[in-house]
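Visitor: I should like a close look at one part of this model, namely the contact between its chains, together with the charged pairs that accompany it. Please take me through it in one connected account.

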There are 2 protein chains.
Amino acid sequence: MDVKTEVLKKIKPSHEESEKVKRFVQQLLSVSKTVSGLDGVIVGSIGKFTWLAGDHDIDLFLMFDGSVPREELERLGLEYGKRIVQELGGKSSVKYAEHPYTSATIRGYDVDIVPCYRIKYGEKIKSAVDRSPLHLRHVLDYIKPAMIDEVRLLKQFCKGIGAYGSDAKNQGFSGYICELLVLQYGSFDAVISAAGVWKPPHIINTERHLGVPLHQFKDQPLVIIDPVDAGRNVAAVVNGENFMKFVTAAKNYSDRPSAGFFFPRPKKPLSALQFKSLQNRGTKFIAVRFSKPDIIDDILYPQLRRTMSRLVQLLEHHEFHVLRACEFAENQPTIIIELEVWSLPSVKKMTGPPIFSEKHTEEFLAKYSKGSVYVHDNRWVAEVQRKHKTAVSLVNDFLNAPPPVLAERGVPKYLAPLLTKKKAMEKEFWKLVKKDKPLSDYMRQKYFSGVVSESKAKAGKN
Amino acid sequence: MDVKTEVLKKIKPSHEESEKVKRFVQQLLSVSKTVSGLDGVIVGSIGKFTWLAGDHDIDLFLMFDGSVPREELERLGLEYGKRIVQELGGKSSVKYAEHPYTSATIRGYDVDIVPCYRIKYGEKIKSAVDRSPLHLRHVLDYIKPAMIDEVRLLKQFCKGIGAYGSDAKNQGFSGYICELLVLQYGSFDAVISAAGVWKPPHIINTERHLGVPLHQFKDQPLVIIDPVDAGRNVAAVVNGENFMKFVTAAKNYSDRPSAGFFFPRPKKPLSALQFKSLQNRGTKFIAVRFSKPDIIDDILYPQLRRTMSRLVQLLEHHEFHVLRACEFAENQPTIIIELEVWSLPSVKKMTGPPIFSEKHTEEFLAKYSKGSVYVHDNRWVAEVQRKHKTAVSLVNDFLNAPPPVLAERGVPKYLAPLLTKKKAMEKEFWKLVKKDKPLSDYMRQKYFSGVVSESKAKAGKN
């Protein structure tokens with residue numbers, strides 16, 4: 001049995017599953033029409049028939065006319081959503097993205113009911129979700145039946161190499177990207193064979209939109225012009241790490257195809273040897289951990305990363321050199337910082353202006369001449385007492401302030417109240433890693449699977 | 001008694017001393033004429049009558065005609081020198097500067113007998129020493145009798161603040177500079193009052209030479225155009241530290257004159273408190289010490305400084321941050337380096353090119369892809385094993401090579417044979433400081449008398 005057949009056996013929904021989902025969707029659409037009188041569409045993988053076995057997240061979009069005011073759309077959207085769910089005997093709650101929507105569980109299916117404006121190709125969108133029905137239309141218009149399994153293979157491949165998901169947490173490949181790639185290249189194999197030699201930035205412009213100002217996509221490794229909106233990069237969220245993971249995995253798969261590429265290694269904590277080798281790096285790990293706020297991952301992760309960047313910047317500014325920093329939020333959000341230099345002398349050297357610069361000399365001497373000042377190589381040098389001799393003391397001092405002050409210092413608003421007066425962990429971090437399996441697995445992934453080496457190792461194993 | 005009278009009492013040669021020196025000099029010149037048939041001049045402070053009590057270094061220059069070939073000048077210079085010394089019953093030896101000369105002790109006087117070419121104002125010099133007779137001429141032509149004591153005061157002031165001596169070791173003010181400054185301003189007080197507000201670069205062009213291209217004196221804090229050679233800065237050797245010392249001391253003396261400025265504090269080792277406070281800086285001192293080579297200080301010090309710079313550059317390149325470095329050579333030459341970071345993790349982060357740069361990516365991956373490579377913020381990052389985890393191991397490895405290899409690595413030629421296979425001192429450095437009084441005094445000066453604070457403290461004390 002060839003690799004792809006083997007994989008499809010596992011990921012393609014059975015005839016029975018397909019029929020069951022289709023029946024449910026038809027009923028959902030019919031109830032929706034009755035309740036709202038609006039056209040409804042099922043977007044996402046269910047609507048495009050590209051879903052993977054067992055993956056039944058259903059997105060029902062209710063299409064309002066552009067003349068309906070925004071407030072009215074939000075109010076009616078929630079009202080219709082609630083009634084549709086009631087009608088079908090499910091349980092609903094309200095969730096918030098750009099505007100509120102209904103999230104429900106109906107007979108075991110996760111269903112989101114989202115109001116949007118009906119727009120035409122090229123028309124300006126009114127709310128962030130308005131494009132989805134056009135994406136659906138585009139894929140359904142162009143996809144050939146034989147391509148559906150190819151899309152499934154590509155999605156599963158991205159999952160297997162850990163590059164799937166266009167959410168803020170994963171910053172990887174969305175289902176829509178996989179669909180567009182198969183539309184562009186024709187098959188999974190063709191995508192993989194092409195991607196193996198992609199160099200960033202790789203630009204795909206399926207509709208051959210002319211006059212797209214590409215400089216707007218600067219620093220984005222993968223640019224896929226949205227067929228329904230020439231000004232948008234469908235792959236804007238794909239970061240450099242996931243892009244290179246995909247390219248490297250594609251190259252390695254082409255060299256030596258194997259089912260191993262399609263399935264992520266099971267989560268597992270660091271081995272005793274790996275744990276030891278982390279401790280033996282001779283670096284210092286510190287971590288700041290706090291309780292999980294009640295916000296969605298798409299808000300949590302960006303704020304967590306901004307906080308991490310702020311701490312890294314703070315440390316570097318004070319000459320504590322950071323080797324790596326990473327963010328974890330499977331259970332309790334944790335910022336992990338690995339330091340190259342974490343302890344510094346009590347004396348700090350301030351290199352001042354050249355003695356030839358009169359204005360700067362005056363300023364420098366006004367500031368420092370109470371301490372020890374000397375001239376070296378025609379520059380002023382002052383020695384001052386260092387306030388924070390350790391990285392931990394610096395971080396603790398930074399966090400030791402009420403939330404509004406933390407916000408001023410650059411900690412994003414949802415996290416400031418949770419980080420206020422937190423203390424950085426040192427030795428306790430290792431105890432935590434031993435105890436917290438998801439964190440341990442995260443450390444294993446971060447430290448023991450480089451972009452280049454991972455795929456190689458994997459290819460070698462299968 | 002006012003400050004200057006008090007100082008002059010100590011530094012002005014007595015009538016008896018003056019007469020004795022003059023008699024000796026007349027005899028020396030007369031013997032020189034008889035032996036060589038050449039005109040001889042006594043240059044330096046003795047020739048200009050500006051010497052300080054007890055300071056009897058006598059420089060006799062034998063003036064050869066420009067038509068005499070260089071080799072002949074050197075041969076005859078040594079021959080005449082030897083015979084003059086014999087005639088006067090002294091002991092002579094040969095020393096080497098740009099060309100060889102006779103160094104002698106005659107009846108307790110240190111006498112150097114140096115051959116030079118007679119040149120005229122503005123004429124191109126043939127050997128480095130040819131200018132000295134013109135300097136003598138210039139000073140004798142313009143100095144007024146009342147200025148002689150003023151020059152003595154200024155010289156002694158420079159000695160007192162530790163800024164005297166135009167040799168490579170001291171990089172300070174020469175006697176000739178002091179003479180020119182008094183000629184320019186008229187008196188010691190006038191020099192001091194003017195210097196208190198000097199800003200670097202301060203330019204003095206006594207002869208109002210026009211068209212001197214000043215950019216040639218870039219980075220020189222004090223520029224005194226040589227009255228006998230418009231292309232030369234008499235103060236080229238004065239470094240920024242000594243310039244600022246002089247300016248600061250002048251300002252402080254103007255505010256509050258005191259005899260204390262004229263006399264260096266007696267040499268003394270670090271106090272127990274100072275010793276402790278050096279150790280409590282939280283830094284790491286390492287030192288490389290070797291036996292003194294048989295070369296003059298004017299060669300030793302520049303080579304010592306170049307070696308020190310090379311070591312500092314080496315350490316910084318390997319991320320061991322240097323706080324201060326200084327060179328000592330009173331007895332055994334010693335390079336002292338104070339480190340802010342002296343120990344680093346076994347893992348080293350190599351930040352590579354942006355993933356967008358194809359050529360550099362290829363080079364980077366070719367070099368590092370065997371180890372751990374990942375992508376962060378759209379850049380390649382590799383982790384490699386650090387070869388030297390401590391500053392000491394790095395320095396020892398650098399020095400662990402035969403002299404020709406050290407020379408290739410940038411260690412100057414006279415020092416390479418002495419530094420080969422040397423080991424840097426760590427703890428032993430402190431033991432050495434305790435034992436070696438001159439070294440201890442040197443550390444005290446370097447660390448407990450900043451440019452700004454020293455003069456202030458001194459002014460306050462007197």
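Guide: The account below begins with the contact between the chains and then turns to salt bridges and one helix.

This is a predicted model, in which local features need pLDDT of at least 70 and side-chain atom pairs count only at pLDDT 80 or more, while totals for chains, interfaces and linings use all residues. Residues are numbered from 1 along each chain as its sequence is written, chains are lettered from A and ligands numbered from 1 in the order in which they are written, and side-chain values use heavy atoms, with hydrogens and water left out.

Chain B and chain A each bring 44 residues to the contact, where contact means heavy atoms within 4.5 Å. The size of an interface is often given as the accessible area lost when the parts come together. Here the buried area is about 3,700 Å², and carbon and sulfur atoms give 57% of it; buried area is the accessible area (1.4 Å probe) that two parts lose on being put together, summed over both.

Six salt bridges are counted between chain B and chain A, a salt bridge being a side-chain nitrogen of Lys or Arg within 4 Å of a carboxyl oxygen of Asp or Glu. B:Arg324 and A:Glu383 meet in a salt bridge, at 3.9 Å from N to O. Polar contacts between chain B and chain A join 16 residue pairs, both residues at pLDDT 80 or more; such a contact is a pair of N or O atoms within 3.5 Å, where within protein one must be able to donate a hydrogen and the other to accept it, and residues adjacent in sequence count only if both atoms are side-chain atoms. Several elements of chain B supply at least two residues each to the side that touches chain A, among them helix H9 (240-255), strand E10 (322-328), strand E14 (379-385) and helix H18 (451-461). Helices (H or I, at least four residues) and strands (E, at least two) are DSSP runs, numbered from the N terminus. By class, this side of chain B has 20 nonpolar, twelve polar and twelve charged residues; Ala, Val, Leu, Ile, Met, Phe, Trp, Tyr, Cys and Pro count as nonpolar, Asp, Glu, Lys and Arg as charged, and the others, Gly among them, as polar.

Over all chains, the whole structure holds 58 salt bridges. In one of them, A:Arg75 pairs with A:Glu72, the closest N and O atoms being 3.0 Å apart. These two residues are three apart in helix H4 (residues 70-87) of chain A, and so are separated by about one helical turn. A:Arg75 is partly exposed at 44% relative accessibility, and A:Glu72 is partly exposed at 30%; buried means under 20% relative accessible area, exposed over 50%, and partly exposed in between (1.4 Å probe, protein chains only). A network of salt bridges links A:Glu72, A:Arg75, A:Glu79 and A:Arg83.

A:Asp397 and A:Lys387 form a salt bridge at 3.6 Å, N to O. Because A:Asp397 lies in helix H13 (residues 391-399) and A:Lys387 in the loop between strand E14 (379-385) and H13 of chain A, the pair ties together parts ten residues apart in sequence. A:Asp397 is partly exposed at 33%, whereas A:Lys387 is exposed at 70%.

H13 of chain A also helps to cover the buried residues of H11(A), which include A:Leu300, A:Tyr301 and A:Met308.
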